[in-house]
Amino acid sequence: MEIKVVGAAIVRDGLILCAQRGPEQSLPGMWEFPGGKIEPGESPEEALRREVREELDCSVQIEHRLNTHTEKYSFASVTLTVFLCHVTDGTPRPTEHSNLRWTSPERLDQLEWAPADIPAVREIQKQYSSDMGSECR
């Protein structure tokens, strides 16, 4: 079974929003970019805006796609597309996650990330070390 999901790498003041999965979720305690499943008839961007409203109680502007990666788990094959975003309305607050943390790009790898999110973490760090640095500061 394949599950298509989206994630938001939300940038604010040079920091990236990281969300920790709750104890009742699969991959408990691991960190991820907030988001979720793409519903039938939704574009990835529509799904991301909906999921951010549901999970963080805020709205985002999507800047661009960072990457797409497929990870095989025991329960399914998950294809995750992560977008770089900025909050446009509200303040992110956890409604489904156990914790939220704003982290600098160079410290992202200090968190225990869900496997599907790791390629996006690496892409953020790569872009931050080159051209994204000026966007994030």
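The following legends describe an overall view and several close-ups of one predicted model.

**Notes to all views.** Residues are numbered from 1 along each chain as its sequence is written, and side-chain values use heavy atoms, with hydrogens and water left out. As the model is predicted, local features need pLDDT of at least 70 and side-chain atom pairs count only at pLDDT 80 or more, while totals for chains, interfaces and linings use all residues.

**Figure 1. Overall view of the chain, with three helices and seven strands.** Helices (H or I, at least four residues) and strands (E, at least two) are DSSP runs, numbered from the N terminus. Along the sequence these elements follow the pattern β-β-β-β-α-β-β-β-α-α. The radius of gyration is 14 Å, close to the 14 Å that the globule rule gives for 137 residues, so the chain is as compact as a globular protein of that length. This radius is taken over C-alpha atoms, and the rule is 2.2 Å times the number of residues to the power 0.38. Along the principal axes, the C-alpha atoms fill a box of roughly 40 × 30 × 25 Å.

**Figure 2. Burial and contacts in the chain.** Of the 137 residues, 50% count as buried, that is, under 20% relative accessible area with a 1.4 Å probe, protein chains only. Among contacts with a separation of 6 or more, 67% are between residues 24 or more positions apart; a contact means heavy atoms within 4.5 Å.

**Figure 3. Close-up of strand E1, residues 2–12.** This strand is mostly covered, with eight of its 11 residues buried. Strands are taken to pair if DSSP finds at least two bridges between them.

**Figure 4. Close-up of the parallel pairing of E1 with strand E6.** Nine bridges link E1 to E6, which spans residues 77–89. One of the partnerships joins Ala8 to Phe83 in E6.

**Figure 5. Close-up of the antiparallel pairing of E1 with strand E4.** E4 comprises residues 35–37 and pairs with E1 over three bridges. Within E4, Lys37 is the bridge partner of Val5.

**Figure 6. Close-up of the hairpin of E1 and E2.** Strand E2 (residues 15–20) runs antiparallel to E1 and is joined to E1 by two bridges. Arg12 has Leu15 of E2 as its bridge partner. Two residues lie between the strands, and Asp13 takes a positive phi near 50° in this hairpin.
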